[in-house]
Structure formats: structure tokens, C-alpha cells
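Hi,

Here is the structure I promised to pass on. Have a look at it first, and my notes follow underneath.

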There are 2 protein chains.
Amino acid sequence: MRTTQYLLATQKETPSDAEVISHQLMLRAGMIRKLASGLYTWLPSGLKVLRKVENIVREEMNKAGAIEVLMPVVQPADLWEESGRWDKFGPELLRIQDRHQRPFLLGPTHEEVITELVRKEISSYKQLPINLYQVQTKFRDEVRPRFGVMRSREFLMKDAYSFHLDSDCLEKTYQTMHQAYCNIFDRLGLEYRPVLADTGSIGGSTSHEFHVLAESGEDAIVFSNGSDYAANIEKAEALAPEGERPQANEQLNKVATPNAHSIAEVSELLKVDHKQTVKTLLVVGANDEGEAEGVVALVLRGDHELNEVKAEKFPEVFAPLTFAAEEQIKQTANCDAGSIGPVGLSVPVIVDYSAAHLADFVCGANETGFHLTGANWDRDINNYKTADIRNIVEGDPSPCGQGTLSIKRGIEVGHIFQLGTKYSEAMKAGVLTESGKHETLTMGCYGIGVSRIVAAAIEQNHDKYGIKWPAAIAPFQVGILPMNMHKSHRIPEVANKLYQAFQDAGIDVLFDDRKERPGVMFADMELVGVPHVVVIGERNLDEGKVEYKNRMTGEKQSLEIDQVFDFIKNLL
Amino acid sequence: MRTTQYLLATQKETPSDAEVISHQLMLRAGMIRKLASGLYTWLPSGLKVLRKVENIVREEMNKAGAIEVLMPVVQPADLWEESGRWDKFGPELLRIQDRHQRPFLLGPTHEEVITELVRKEISSYKQLPINLYQVQTKFRDEVRPRFGVMRSREFLMKDAYSFHLDSDCLEKTYQTMHQAYCNIFDRLGLEYRPVLADTGSIGGSTSHEFHVLAESGEDAIVFSNGSDYAANIEKAEALAPEGERPQANEQLNKVATPNAHSIAEVSELLKVDHKQTVKTLLVVGANDEGEAEGVVALVLRGDHELNEVKAEKFPEVFAPLTFAAEEQIKQTANCDAGSIGPVGLSVPVIVDYSAAHLADFVCGANETGFHLTGANWDRDINNYKTADIRNIVEGDPSPCGQGTLSIKRGIEVGHIFQLGTKYSEAMKAGVLTESGKHETLTMGCYGIGVSRIVAAAIEQNHDKYGIKWPAAIAPFQVGILPMNMHKSHRIPEVANKLYQAFQDAGIDVLFDDRKERPGVMFADMELVGVPHVVVIGERNLDEGKVEYKNRMTGEKQSLEIDQVFDFIKNLL
């Protein structure tokens, strides 16, 4: 591609509304443009990367035996009523009406549509297992779209759905998909980790997320240094402390703690370690029907953080987890939020294992401006249950039993689920078994955020000059940069010949044939992130040479004109 | 692909709600399934064809210098308010609201979005011309979706938009696109015609449609036998008859024509040729603001048909053309619709050239049950204007001046337009010229219905057994059909080896490894339309041979086992 016949659309200025580096660089490198909140047009360079990612995903899915289909973006509401998600799904589900006022939605995911297809097309165990996928435009009406295509409303996704007679068969396909995902991220050239994950609103049992590692990642991922255990922090189990709880030695004593609201302030005032305090959080409770009713107290050690995903799994806690309003706190504990404590509370109390392992601890006195010291479980508080409801912290023992845990940041780009029968049961999708019995199908589902991968790759691979693309997904593999081409006849001759050679070899090559200053052209090549650049200038040509520059390593070297093609071709 | 590891999904029964053959065959051959009215899931075989069409379109667009982008499906309403189409577009435009009640739409076309992009990205004449395209899912909320993917609500389209400094430059790109479209349809292996077309609601001046010829086509296309003139019947000009109008000889005479309402009945009763009668149609008129007001009379020769597209271009006719209601007819002509005539009408009268060339003709008497004979223009009717408002009929002289016209049926699969400044003016998209002046951009747009091509190809290429795919877009190029494979060891050996060879050569091959009766397998291969089929049976193997069958020609021949691969490879 010649830049004069292309829409390079690079920008010098960093757009003010782009918070993260990938969003900034995608705008500056001419990859995307915002049409409206969370809606982006992919410009030529961006689309080239998107398609390369898509193709790698497709090839590996095909190799893994999955079969490609294409479902509509617009889905009828009745299928979602059957599955129960029409009501359950929040406002991220964009509900629309057609000209006849019939209800439809823009698909954020396709479990219902694929189950509808499969229950009509698959009737016998002989047709199983089957794994169907698509690469398709999806829509989620995010309340606050941000980070460019990282959290946009319209996005490109690969979603696969497998169907099985039983969970053993599902497990096999799940492992095949796990491996296919590893192959995909290997080929993309990204540093990534598969981690144990919570199944969330999609439902099901086992689940893994695939994260691209990047300091800017929204998710915390937990790793063991003694094994290959890795999990999303939402899911990572915090073990109960070993050994017996220490004996109670102190008397319960109420102390004034005026203006001390946080754990830090209380610890400072009373000269105790954070680890010797507990914090008590009141959240909305749930009745037997799962409706919001009453309040539940969650107790954590002062230095620990609540894990909302773990907490909201308890039947007595309303999901999604909701903190009690000021009024409810007043009614329950008769004090401000900063002075709540478990002693004397008449609501259900769930205590994190680590908090439950303390003796003689400090807690709120349920009286504004006062705390208790020397509090002890079972002596001062009787009605409570213990559980894991906190986030892992660095140094915690690994739940696998080997090593301790550390935390890294990641960007979720893939997610695989063992769904089980959640959708097939609700939608009555089954087959006849070999013995002629009707059996409900067992399902798996497997997603990859294709457009999100593009942003994640940039978060992981950039420097102050721009993007450093892994070769497999660079918009252009090779750049040709002739300096002051319009003042020379030798330079265009060499440049054109080289351009032709790369084109003939089917290599994506960007030939910057603009009448621009060399500085501008260098900056654009670096910004766009072309991995291999050939610089053609008079001085080098005098010696029969051109300059080669590697974007990833920054290395430069002089090469003979007729060697440069082979040299680069060997690198690809 | 092995059928046992595939979703072949063929059906024996013809679905009752599929009216046209392509819809029936796409369902029966396992290409698509209906999700809801006008919404289809593409099954594996259908998607394979769709992607092959898409790729050919993409390759030829790239060769023609167009640059690919990808715009969102969901578009903000404000851009359509700028262009004026938010109000003008009918209910086919699906208007939606997001969670914040902001108005959006599902894009049926992308003129507004691309103009918004270009007015921001292109500021100088140096960046012109530019031709940007996408292959993307579109939505049109058809009032009555039908014919499967031929007229569905969600569909895949390639749409390109070019931008220029002036119309000479547009004309050049328009010709390039015209040629690219010819290349595309040539490569697809379809019989097609580019024809002159009306520009319709998209606007602009020059326009061509590309039609796949098929008897079942919805459109009539007009061809000259003396030149390469071809036009959509909506557009094809009917020339005024040559020579002088004959003299008036008869007296105007009112005759009773009880129960004769149609031209056929009146002609029969009065023993005159249809060609010696006129019919008078009353349609809704328009005032200076283009609002519906009053009635206009359209007069045609009895054997001719009104061309609504031509008629609604007259400022005095309301667009879209609407026939007058019974009440309006009574008020205007004081009679039933069957007895209207131009004599004595006090509304504007537009007379088709052919009707205006008659003397001594028969027309309605504006009195129910009566007609006039011996009517003559200028003597009996004074206030009228003449124009071309009829459809061409077979044998009419060609408007190009050479030859006469014939009519064929076609399916519109592509449409190219010289838009001019319609959108760029409304949306203020311009550039600075070389002399530093601001100039409004001139635009072209170029569409291809990718999913529709799949259906059109079938309408043109099928027989009673199924689809006869052109090789370039067949879901599978080669089929391997082993007979009673499970009772033999030689057959699977030969079949597997051949399958492997085709796979290794990158040829799309379908290996029917099911335990089905040969009859079922033959029927499926023919239904799916695999162009080249290798049948492997015991009897042939005894002689070291297999049978080759060509789907398009029906020819069969015996071939040596080790020749069949090369034989087929040479055909591809």
C-alpha cells in the first residue's frame, strides 16, 4: 500500500478523552474513530489488525473441529423469555421493537439462538458432540462505554457453543478449546495466562478466563509461585488460617474514637495493627425467593478487602451485592457506617475465615464515635458463620497447597465455560440416546473478544513512540521509507523495486511515498508500529546499501540493497 | 470435511412457506434456517458460500484501489437529521433508543456515517480521490420480508463510497467500479447484465444496476437487439411515435358500455383494438411544497402500462405515487374508475406520447357505464401535456436509436450511483482546493448485496435435484461418495486417501462418511450442489477405477484411481 493512496489518518496530538494508552494509540495511529459513545469506525489500519486476529482465531477454531455458522445480530425476545434472561438481564441488553411493535434485542451473546437451532437440527446422540461457532458483531449497552474498543458497545466477538450427551464429553471439548485458545494467543504473539474464573451471569460450573498481561489491566490475577495455579481474584480461594485461634485474654472494653471512621484512623488512634481489627459491612439481604429483604453483616479483618463475587453467592445475601443504605445502617446498628461491629447485632453475620481467627480484636461498638477493644468470638458474639469472603492478598498461601500467591494485572480477552444444562433444560433441547431415551443436552460455551484483543495487544506492546506490533497481527509487516524521494531518481527506483518485491511475495508492505519530511515519516512508521522498516537514503545508496530498523528491538543495521528482501523475509 | 463431523442439515421435504426455488433449496440444502421473520442463521454450507462471494468482492474492490473500513451497525440519529433522512426514510429504517433514551438506528446504508468520517479526516484536495468500502451487516425493516435471504431484514452488503473534487473525477471512479463489478460477476460465474437504472431514494444522477438473469427475477430489464443498450424497465425510455398524428375523422359519440370496466371488456364490446383505446388513471397530486393535494389524470394507450417511477417525477404528481381513492374519483370524474376519460376533466392531465399520437380513440365518458368513441386530442381535449409515462413493451424501438427492445427478468444484486453533492452539501463535507478555495465534495456510492447474490446464483443455477453451483462459490468443490463403505475395507482406504489428497491441496472437499444408503448420499450431493463428485464402489474398484460425475453437465465417466485427483484438479 502506498500512503498517498491510503487513509493513514495518523494524528500528532493525544486525544483528550482517551484515558488508556491503547485507546490513545489507536486514535493516533489511525486505527479507529469514534462515531458515538461506545461506537467506533475501524479505519483501514485498524481493520487490517482486526482481520488478522479474526483469521488466526478462525483457523485455530477450525483446526479444533469447531464448525462456523453465522447468527443474526437482531434476536427475537421470545427465546430470551424461554431462557428466563429477558427479565434477568440488565439494561446492557438493548431491547428494541420492530415496525410491528414486536420485541427484539441486539444480541450481546447467542446461547438462546444456538440452542434454538440445535434443538431443531440435532435429534440423535449420533450427531454429537458438535461445536458451532461464529465471528460476529455483538452489542452491549454499557452504562459507561470507555477505553475505546476495550469496552465499547458494539464489538466483534468469536463465540462458540458445544453440545454433548454428558459432562465427560463436555470436559473433553472444554480441554480441546482450552488448548485451541492457548494456540491462538501463542500465534498472536501475546503474553497471556489462562486462569480459573467465576461463571457469573452466564451460569455453569467450571470456567477459565484468558488474560493478556498488562499493567493497565482491569482485572487482578492471582498466581502461585509453587505451581501453575492461576485464578481471577474474584475466584481465587483464600484459605482459612492454619492452627487454633489464640485464647481470649482481654476484657471487652468500649473506647471513644471520635472522628476515627476508617480502619487506618482507628488503628492509628488505638495503636493497634490493622490486622488486629475487623471491619463490618452491612449489605442488603435476600429472602427465600431471592428478593431483597433485610440486612446481612459481613465481617473482614481490617487489612482485607471484601470479595463481592464470593459474598453474593450466599443465599442470605441479595445478588447483585448491594451495600445497605444509610437509613438501613441506622436502623440495624444505630450508628454511622464507621462504627458498626458484630457484637450485639441482630442480623445474620458472615465472618471471613481470617477475621474469625482473631482474638482480642478491635471492632465498631454500634455507637457512633465508639469502638470495642478486646472483642472475642463465641464469648462476645455467638450467632455467626464463617466463610471465605475476602480477596487474596500478596503472600497468601496458594489454595492448591503449594507456594504462595502473587498478583498481576490482566485484560480478559477470552472466557470458556462448562455451562451444563442451564439453557438446554430451560429451552428443552435434548436428543435420543443409543437406548432410545430422551436426554437433555450438556453445553459448553467459549468466547473471545476479537476487537478487545487488538486493544489488549497494544496495552502490552507499546513505547513512547507508538505501537510495537507482534508480527502476526501488525497492519503492515514491512515499511519502506524513502528519504526525500522527490529530489532523487535513485531513491524511488530502489524503493519501487523493493515495494514490488514485497508485494509479489504477498507481504503486507507500506510504502511511504508522501512528500513529507523524513522526521514525519519516521514518526508515523513508529506510531503505526510497522515491525520491519527499510530506510532508503542517498548516503547509504552511495555504498549500495539501505538501512534496516527493527521496531520491536530498536536495532538498526546497514544491508546490501539486494540482501534486504531475503533478510526481512527470513524474519517473517 | 467429513459429513459425520459436520452439520449437513439437508432436508427431504420442501418447506411450505418458501415461495421461491432459491429459498426452498437453501433450506433443503442446509444453508440457512429462519430465526424470525426476515432473520436467518447461516448454517455451515451457506456460510461457506457467503464467504466465498464476500472474498471475491473484497479482492476485486482492493484491486480497483478501494480501501476497506468497518463502520458500526448502530448509528446515531443526529447524522440522519443532518442529511434530512431521519424524517424522510420510511419505517424500513428501524429507529431504536439506547438505555439513556438517545435515538439511534440500525443502519440500512452508511452515506451519513462515511460522510461524517470523511469531513473530519479529509481536508485537502491532495487526499482525493478516495474510495472507502466495507462488507457489513445491514438492517432494513421490510414490511413483508420474503424469499429467504433475497429480501430479508438483516443482510450482508458491500457498500463503497467515493469522494472527489469534481464530477469528471467521479466519472472515472464510477467507470472503475463498473468494471470491478463486471470482474466480480464474471468471477462468480453468473450470467448478469449492467443496466441503466433510476436513482430512487438514494439520490444522484447516473446510476447502473447489476442484475443476475433469472426467470424468477422481480425486475424487468430491457435490452436492445441493435446495441448494448440495457436498462431497468423503470428507467427505459419509451420514445414518442414517429411521424404525424393521424387526422381526426370521426365524431365524438357517447356509447353505453354496461358492465365493461376494463380495456379488454370495452374493446371486446366496441370491437376496437386495445391500441385504439386509452385508459385514464387518477393519482394524488402535489402542491408546490410537494405535499399531497388534489388529483392528476394520467392517460395511457389501452395496451400500455403506467411506469410509476417516471410518473412520480412530475412536480404535479405526489411521490410516492398514490392512486386516488374512490371518493376522490367520484368527486373529480363523477363516475366509477372504469369510466374515467380525459374529455372534460378539470384536473391536470398528463398524456403518454403513444396515447397522444392516437386519433379517433375510445375513452371513458366520465359517466358510469358509458364510453366515448371518436375522441380526438386538441379538438375534444385541450389542456394536457405529453410525456413518457409508460413501461416499454417488447418490440419498442430502442431509445439509443438502434434496434428494438426485448425484456428479460433479473435479480438486482448490485447498484452504483453518481450521487453528486446530495450528502456532502447537507453535511458540509468539503476540502481546500489547490488554489485554497473551499469546495464541496462530489460523491459516488456502490453497493453489492452479498447475501442476495447467494440466492440469485441459485435462482439461475439449479435443477430438480438441487443446486448447480458455479465452481468459484460452491460450498465444496469436490465430493467423495463411498458406497457401502462400512462393509468394505478397500473402499474406505481409497476414499480416505483421496480425501487426504484434496485436503492437502487446499481444495474444499466433502467426504460423506455416513452409514447411509447410496441413494440418500447421491441425493444430498446433488442437493448441496457439489460440482465434482467421485463415487467409489466395489465394482469399479475391481477394475482399479472410480466414477467421476460432473454436477453442472451431468456427465459421468470412469477414471483410474490414481488419475482422478489430477483430473479434477485440472478442472478447478
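In this predicted model, the C-alpha centres of domain 2 and domain 3 of chain A are 65 Å apart. The domain assignment puts domain 2 of chain A at 253–387 and domain 3 at 478–571, while domain 1 is made of two stretches, 15–236 and 407–458.

Next, how the chains are arranged. A turn of 180° with a shift of 0.1 Å along the axis lays chain A on chain B, with an RMSD of 0.1 Å. That is how a two-fold axis relates its copies. Ile96(A) is the residue of chain A that comes closest to this rotation axis, its C-alpha being at 3.0 Å. Both copies use the same surface, as 100% of the contact residues of chain A recur in chain B.

Now for the interface itself. Chain A brings 54 residues to the contact and chain B brings 54 residues. Together the two chains bury about 4,400 Å², with 65% of that on carbon and sulfur atoms. Of the area that chain A buries against chain B, 16% comes from Leu35(A), Leu70(A) and Arg99(A), more than from any other three residues.

You may also like the polar side of the story. Eight salt bridges are found across the interface of chain A and chain B. One of the salt bridges joins Glu121(A) to Arg33(B), with 2.5 Å between the closest N and O atoms. The interface also has 13 residue pairs in polar contact. Sorted by class, the side of chain A that touches chain B holds 34 nonpolar, 14 charged and six polar residues.

Enjoy exploring it!

Best wishes

Note on methods. Residues are numbered from 1 along each chain as its sequence is written. Chains are lettered from A and ligands numbered from 1 in the order in which they are written. This is a predicted model: local features need pLDDT of at least 70, side-chain atom pairs count only at pLDDT 80 or more; totals for chains, interfaces and linings use all residues. Side-chain values use heavy atoms; hydrogens and water are left out. Domain bounds come from an automatic or database domain assignment. Copies are superposed by least squares on the C-alpha atoms of residues with pLDDT of at least 70 in both. Contact means heavy atoms within 4.5 Å. Buried area is the accessible area (1.4 Å probe) that two parts lose on being put together, summed over both. A salt bridge is a side-chain nitrogen of Lys or Arg within 4 Å of a carboxyl oxygen of Asp or Glu. A polar contact is a pair of N or O atoms within 3.5 Å; within protein, one must be able to donate a hydrogen and the other to accept it, and residues adjacent in sequence count only if both atoms are side-chain atoms. Ala, Val, Leu, Ile, Met, Phe, Trp, Tyr, Cys and Pro count as nonpolar, Asp, Glu, Lys and Arg as charged, and the others, Gly among them, as polar.
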